[in-house]
Amino acid sequence: MVKKTARSVVRENKHRRIRSRLAGTPEKPRLAVFRSNNHMYAQVIDDEAGNTIVSASTVQEDVKKGLDKTNNVEAAKKLGEVIAKKALDNGIKTVVFDRGGYIYQGKVKALAEAAREAGLEF
């Protein structure tokens, strides 16, 4: 019988490998993405200081407003725009994108492209 590893375990292992290669600095912080079944979360993190500079999620009312669902591509686009605006307001222009072990397609890709269009560079 073939033993298959759970998707969540595979994602966590991928995320661990990715994080060993990239880290956020004060000049170029890390844009980290997390997806749950119902929401998406994005944070701009300075790993040297160990603190979150900016965060946004589809749980927040300003992001959720105008969306019929919080777990689709449209919600991810809106979240990308919001996180980019907040980062630019804090003087952050360039970031390192951390896809969190997720495949770069669908919601993760939509969030990244929306953040780029809104002015973030990565």
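Tutor: A helix here is a DSSP run of H or I that is at least four residues long, numbered from the N terminus. Keep that in mind as we look at this predicted model.

Student: Where is Ala-110 placed?

Tutor: Ala-110 lies in helix H4, which covers residues 107-117.

Student: Why does Ala-110 count as buried?

Tutor: Buried means under 20% relative accessible area. Ala-110 has 7% relative accessibility, so Ala-110 counts as buried.

Student: Which residues does Ala-110 touch, leaving out those up to four places away in sequence?

Tutor: Ala-110 touches Val-73, Ala-76 and Lys-77. Contact asks for heavy atoms within 4.5 Å, so each of these three meets that cut-off with Ala-110. As for Val-54, its C-alpha is 19 Å from that of Ala-110, and the two are 56 residues apart in sequence.

Student: Now the strands, please. How do you know that S1 and S2 pair?

Tutor: Two strands pair if DSSP finds at least two bridges between them. Strand S1 (residues 30-35) and strand S2 (residues 40-46) have six bridges, so they pair, and they do so in the antiparallel sense. You can follow the match in Arg-35, which stands opposite Met-40 in S2, and in Ala-32, which faces Gln-43 in S2. A hairpin of four residues joins S1 to S2.

Student: What makes S1 and S4 a pair?

Tutor: Three bridges link S1 and S4, and the cut-off is at least two, so they pair as well, this time in the parallel sense. Leu-31 stands opposite Phe-97 in S4.

Student: Why is the pairing of this sheet called mixed?

Tutor: S1 pairs with S2 in the antiparallel sense and with S4 in the parallel sense. The sheet is open, with four strands in the order S3-S2-S1-S4, and its pairing is mixed.

Student: What makes S3 and S4 edge strands?

Tutor: Strand S3 (51-57) and strand S4 (96-98) each pair on one side only.

Student: What packs on the sheet?

Tutor: Helix H3 (residues 73-89) does, touching S1, S2 and S3.

Student: Which residues have the most contacts inside the largest nonpolar core?

Tutor: That core has 24 residues, and those with the most contacts inside it are Leu-31, Val-44, Leu-79, Ile-83, Phe-97, Leu-111 and Leu-120. H3 gives the most to this core, with six residues. Val-44 also touches residues distant in sequence, among them Leu-31, Ile-53 and Ile-83.

How values were computed: Residues numbered from 1 in each chain as written. Predicted model: local features only at pLDDT ≥ 70, side-chain atom pairs only at ≥ 80, totals over all residues. Heavy atoms only, no water. Axes fitted to C-alpha atoms, helices over the stretch in contact; angles between N-to-C directions. Core = buried A, V, L, I, M, F, W, Y, C linked by side-chain atoms within 4.5 Å. Buried < 20%, exposed > 50% of the residue type's maximum accessible area, 1.4 Å probe, protein only.
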